[in-house]
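New to this one? Here is a short, relaxed walk through the structure, one part at a time.

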Amino acid sequence: MSWDLEIRDVSHEYRGNVALNDVSLSFGEGEFVTLLGPSGCGKTTLLRAIAGFLTPRRGRILLGGEEITGRSPDRRPVNMVFQRPTLFPHLNVADNIAFGLRVERRGKQEIARRVEDMLGLVDLADFGGRRAHELSGGQMQRVAMARALIKRPRVLLLDEPLSALDLKVRLQMEVELRRMHRETGATFVHVTHDQREALALSDRIALFDRGRLVEFAAPEEIYRRPNSAFAAQFVGDANVLPVDLVPAAFGMAVQLGEVRMPTPPDPAGGTRTDAGPAWLMVRPESIRVSPVGAGGTSGRLRGSVLDTAYRGDVFSCRLSVPGVPVPLKAEVPVEEGVLLDVGADVDLAWPPEAGRVLPLDRPPAVPPVPAPTDNRRAGRNKGSADALA
Ligand SMILES: Nc1ncnc2c1ncn2[C@@H]1O[C@H](COP(=O)(O)OP(=O)(O)OP(=O)(O)O)[C@@H](O)[C@H]1O
């Protein structure tokens, strides 16, 4: 039997406040799926409905082909790990992990064997005798994982389990989570609003916006070929630029500010034929920035540097382009040594396939373009933030 998890037409409101709006999704057995989206978009509500902590107003949830929508949490092969683990303070790590099996009245030997397996799985083999207050945040979260996994759930629900941890521990735990997922073979359903974490962990990402599922695809697909301006901006913070599609000699052209360019090739094979406003998506790392006239880019698209931030391997910079109401974000590799003085004029270019035309579904949140500054103080981070200092 296959333990696929199916969410069918699920909607939920809290006293008239819509949290989930007709969501349908199915996860294959053993998949690692992340529910991603901004705060309040309904991720936790869906997780709680899968766990059995709430029954959605409408729709059905099936596991292995069997309906579990109204079943109590203890009667579904599902377990949950919370953002902040609550371990029993009077029990040591091994007893905390064993707790669920003791409630099930399993034999002593079986419990001891399974606890040992779990301590190994979460890499805490020598920690069985410690108390909760003798553990770091990351170690507590590992104990919580072991406690949830010891009952061999078919589905493990993870409610932002890494968000309270330091960045370094979080990165380490990401690797560990993937390993635990591989070793247990359970379906992992993980909630986060951190798009970087979702990209790093998931087989597929379900992206939510205001209670609706807006995209469900593999990380690379969402990153490279998002289907909406919202997805492009939420995952990876792409440039989403207002453009006009205008008829040209062969098909359509894209009018960006004062520059007209060919429409990017559409990987789906379709060709846009409807003229009018649209969004053009370009990732910051796809934009090549060069001094005016250099590198044969012929200066079709010219901008000036608004500000820069040194990030170790790249300079993140924002550029103002005439006729474009939002700043363009670009990442310039440090070794290219491009002079990025604030106010400097630069040529911008990107390969045609790096652009993507998106429908005008919803205006992305657009920060106003700050006035260029001529602040040229020494130091690597330059620009409008300095001007405020
Ligand atoms: N118990 C509740 N009573 C009333 N409204 C609620 C309740 N729980 C959640 N909501 C509302 O339902 C919507 C969805 O909430 P939910 O917690 O599912 O979002 P989320 O995406 O998990 O957000 P976050 O990332 O902040 O946890 C929000 O508008 C929230 O205010």
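**Around the ligand**

Let's begin at the ligand: helix 1 gives the largest share of the shell around it, three residues. Keep in mind that this is a predicted model. The residues surrounding the ligand are Tyr14, Asn17, Ala19, Gly37, Ser39, Gly40, Cys41, Gly42, Lys43, Thr44, Thr45 and His193. Two elements each give two or more residues to that shell, namely strand 2 (17-27) and helix 1 (43-51). Sort the shell by class and you get eight polar residues, three nonpolar ones and one charged.

Now step back to the chain as a whole. The domain assignment splits it into domain 1, covering 5-224, and domain 2, covering 229-388. Where do the two meet? On the domain 1 side, at least two residues each come from strand 9 (204-209), strand 10 (212-217) and helix 7 (219-224). In numbers, seven residues of domain 1 are in contact with five residues of domain 2. That side of domain 1 has four nonpolar residues, two charged and one polar.

Last stop: a sheet. This open sheet has five strands in the order 13-12-11-14-20, and the pairing is antiparallel. Strand 13 (259-262) and strand 20 (355-358) are the edge strands, each pairing on one side only. On average, and ignoring direction, neighbouring strands of the sheet are turned by 40° against each other.

For a closer look, follow strand 12 (residues 252-256), which runs antiparallel to strand 13 and is joined to it by four bridges. Pick out Val254 there, and you'll find its bridge partner in strand 13 is Met261.

Technical notes: Residues are numbered from 1 along each chain as its sequence is written. This is a predicted model: local features need pLDDT of at least 70, side-chain atom pairs count only at pLDDT 80 or more; totals for chains, interfaces and linings use all residues. Domain bounds come from an automatic or database domain assignment. Two residues are in contact if their C-beta atoms, placed from the backbone, lie within 7 Å. Ala, Val, Leu, Ile, Met, Phe, Trp, Tyr, Cys and Pro count as nonpolar, Asp, Glu, Lys and Arg as charged, and the others, Gly among them, as polar. A residue is near a molecule or strand if its C-beta atom, placed from the backbone, lies within 6 Å of it. Two strands pair if DSSP finds at least two bridges between them. Axes are lines fitted to C-alpha atoms, for helices over the stretch in contact, and angles run from 0 to 180 degrees between N-to-C directions.
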